[in-house]
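Reader: I should like to understand how descriptive terms are assigned to a protein structure. May we go through the reasoning step by step?

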Amino acid sequence: MNRIPTTMCGVIILIVMFAALPRLSRADDWLPVLPEDLALKDNPKQPGADAMVFYREVSVDAKPSRVENYLRIKVFTSSGVKKRADIEIPYDRSQESIENLRARTIRPDGSIVQFDGKPFDKEIVKGNGIKYLAKTFTMPDVQPGSIIEYRYREQYDPDTYQNFYWTIQSELFTRLARFSTRWDDTPGAPGFGIRTYAMPAGSNPQKVKDRYVLEVHDLPGIEEETLMPPDAALKAAVDFYYRDRSEPSQETVDQYWKRIGKSWSEGVNRFVDKKKELAAELSQDVSNSDSPDAKLRKLYARTLKIRNLDMEDSKTEKEEQVEKLKPNFNVGDVLNHNYGHGVEINYLLIGLARAAGFEAADVRVAALYSRPFFPQRQAFYDLNDELVWVRAGGKEYYLDPASRYYPFGVLPWYESAASGIRATKDGSEMIMTTPLASSDAEITRHADFTVDNDLEMNGKIQVDFSGLQGASRRLDNRDEDEAGRRKVLGDEIKQWLAVDTTFEVTSIANWDQLDAPLHVEGTFKSSSTAHGAVQRIMLPLELFQATEIGLFQSQSRVNEVDFPYPYQVSDDLVIHCPLGYKALAVPDPQKLNPGPLSYEISAVAQPDRVEIKRLLAVKGIRYPKESYPGLRNFFSKVKTDDSAPLMLQSGR
């Protein structure tokens, strides 16, 4: 068997087993069901939960690259039925397959219903827009008091060395978890390494003969909340990986990263070593009179014109043969073919920047949606995102043309304020990328409307999505046509308005102009929220409904609060009074500024109209759980001030 080393990680989901029961002798056996488990009405060690894990086990056999999973869950409540009946098994279809799936439901009376359906693939959105593929199916006849259990195999390429890891925790309380990993001890196989992350005290894997084993009892679940840190930052994990044959057996942290950074730098240097082609391209893109900043902006714009293969749907082998796409071995190929994968496009920017006389290097960071970066772990695969560093005119820039839809100087949220390394010829330097400011992700809304004498509101709305706000919407809707974009953006804007409001997009501008705000215009009509006698009409001060208050409904908090990025929303509203009416009174201006949050709203009355200005800014992204009451109070006050009454008086 000819096995090829790889750095791919197989996601190993935790498996739990009830301590009093014997280990399974065959993979297809179900554990017996104990009467006391059927009768259990609540988790005695974590009362009030909708479900708990009775049993789960993972068994990794690295030699054939497969993982056997078995999970048993007790469902206590109707809420638990809604959450647990639909099963999602995340996986990477390009690297693995889900096989031997079996499932059954054990009713409260002990009778059993076998799952006889067929699972299907579904794209799942998991917080902050991150997407993954999941094998999905629905358990049969689940009701409060039921036990659901299922088993499946994750099968990877047996001719490839895979790196696996255990995820020790889930969102549910786990009564018992058992893990085992058997490594490949075939003569000539590379060495096997292990790393642990955020493990509970006293819960380290033990080496027993040809495998590692671990048993964990009564493990609390990680409670899911809005605006919580990513799962990977919270959950305990154990990594198993094959060591490169050339890797030294003992290295300090500095030696490890020096070796890794130097290797990455050498790879980049080989790819960009086409001085003649880069010089020819440079002469077409910039002029000697350009400032360093202007030159770099033009080079960034040039790389965005390269067809990004990673932004396209995956092609079958037959489709690739028809199109005859050739691989790129260097930046000359990228320029000649005018297409490339994201990392190749980034390397082209490095080559062009160097040709222009700037310092430029490859940067690897831990994306903010994944596991945080700790250099002491000596785990290069924690750095799962790649971008470009340039020093031009004495100023440092972090850029990522591979992300395609982001304006110059604005990184995706998950690459901003991210830790990692800059690869250099001498090794590596620890870095943190530039953080975003709230102005880098701004939504500006302007509404001009009339309240008629039937108390209906009719008018126009203009919205500008700037920086990150525009980029993310261009990226998410890149495959939509004009009609599709109008629908998606129109639906989003309509959600900001009252329930009985109609909104229709009339135009979208600047879709392909990344440095300009994405501009949307439309018309709306609404039965007015105004109320009162004929002589007086009362309106809420703000037309747009604040969405943040819905994120702070709970009175308590378990996790820290993490906004994905700083942002701000600026509103300018012009309300034309009904014929014969004028503003009798406007609320006093309000201003809140508790640390990294700010809000202000004011209204100015004219003879026939009222103009309202509002600004909300979230400037920080991480808040300890102790700050939750203050955050909740802040957004509650915002909602109250937005709803302050504006009174119109009839002059008749």
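**Helix packing, cores and single residues**

Author: Let us begin with a pair of helices: the axes of helix α5 (residues 275-285) and α6 come within 10 Å and cross at roughly 110°. Please bear in mind that this is a predicted model.

Reader: Why are α5 and α6 called roughly perpendicular to each other?

Author: The angle between the axes of α5 and α6 is roughly 110°. Angles of 65 to 115 degrees count as roughly perpendicular. The pair is therefore described as roughly perpendicular. The crossing of α5 with α6 is, in addition, right-handed.

Reader: Which residues of α5 and α6 meet?

Author: From α5 come E281, L282 and D285, and from α6 come K298, L299 and R302. By class, the residues of this contact are two nonpolar, no polar and four charged.

Reader: What makes α6 roughly antiparallel to α9?

Author: Helix α6 (residues 292-304) packs with α9 at an angle of about 150°, and their axes are 10 Å apart. Angles over 145 degrees count as roughly antiparallel, so α6 is roughly antiparallel to α9. The crossing of these two helices is right-handed.

Reader: Which residues of α6 and α9 meet?

Author: L296, L299, Y300, R302 and T303 of α6 meet I345, L348, L349, L352 and A353 of α9. The residues of this contact comprise eight nonpolar, one polar and one charged.

Reader: What makes α4 roughly perpendicular to α9?

Author: The axes of helix α4 (residues 253-272) and α9 come within 9 Å, crossing at roughly 75°. This value falls in the range of 65 to 115 degrees, and α4 is therefore roughly perpendicular to α9. On the α4 side the contact consists of V268, N269, F271 and V272, and on the α9 side of E344, Y347, I350, G351 and R354. Five of these residues are nonpolar, two polar and two charged.

Reader: Which residues of the largest nonpolar core touch the most other members?

Author: They are L296, I461, L543 and F563, in a core of 108 residues. Helix α9 (residues 342-355) gives the most to this core, namely seven residues.

Reader: With which residues is F563 in contact, leaving aside its neighbours within four places in sequence?

Author: F563 is in contact with L227, F552, V618, G620, I621, Y623 and F635. There is also a second, separate core of 22 residues, with Y161, F179, F240 and Y242 among them.

Reader: How do you know whether M199 is buried or exposed?

Author: The relative accessible area of M199 is 17%. Buried means under 20%, so M199 is buried. The residue is found in the loop between β12 (192-197) and β13. Not counting residues up to four places away in sequence, M199 touches I168, N204, L214, A236, A237 and V238. By contrast, M199 and A644 are 50 Å apart in space, C-alpha to C-alpha, and 445 residues apart in sequence.

Reader: Why is K209 called exposed?

Author: The relative accessible area of K209 is 78%. Exposed means over 50%, and K209 is therefore exposed. K209 lies in the loop between β13 (206-208) and β14 (211-219). Although K209 is not a glycine, it has a positive phi of about 55°.

Reader: What makes D218 partly exposed?

Author: D218 has 30% relative accessibility. Partly exposed covers the values between the 20% and 50% cut-offs, so D218 counts as partly exposed. D218 lies in strand β14. Its phi is near 45°, a positive value in a residue other than glycine.

Reader: Why is D293 also called partly exposed?

Author: At a relative accessible area of 25%, D293 is partly exposed, because this term lies in between under 20% and over 50%. D293 is placed in helix α6. Not counting residues up to four places away in sequence, D293 touches Y397 and F408. The C-alpha atoms of D293 and K395 are separated by 8.6 Å, although the two residues are 102 residues apart along the chain.

Key:
Residues are numbered from 1 along each chain as its sequence is written. This is a predicted model: local features need pLDDT of at least 70, side-chain atom pairs count only at pLDDT 80 or more; totals for chains, interfaces and linings use all residues. Side-chain values use heavy atoms; hydrogens and water are left out. A nonpolar core is a set of buried Ala, Val, Leu, Ile, Met, Phe, Trp, Tyr and Cys residues joined through side-chain atoms within 4.5 Å. Buried means under 20% relative accessible area, exposed over 50%, partly exposed in between (1.4 Å probe, protein chains only). Helices (H or I, at least four residues) and strands (E, at least two) are DSSP runs, numbered from the N terminus. Contact means heavy atoms within 4.5 Å. Axes are lines fitted to C-alpha atoms, for helices over the stretch in contact, and angles run from 0 to 180 degrees between N-to-C directions. Angles under 35 degrees count as roughly parallel, over 145 as roughly antiparallel, 65 to 115 as roughly perpendicular and the rest as oblique. A crossing is left-handed if the near helix is turned anticlockwise from the far one by less than a right angle, and right-handed if clockwise. Ala, Val, Leu, Ile, Met, Phe, Trp, Tyr, Cys and Pro count as nonpolar, Asp, Glu, Lys and Arg as charged, and the others, Gly among them, as polar.
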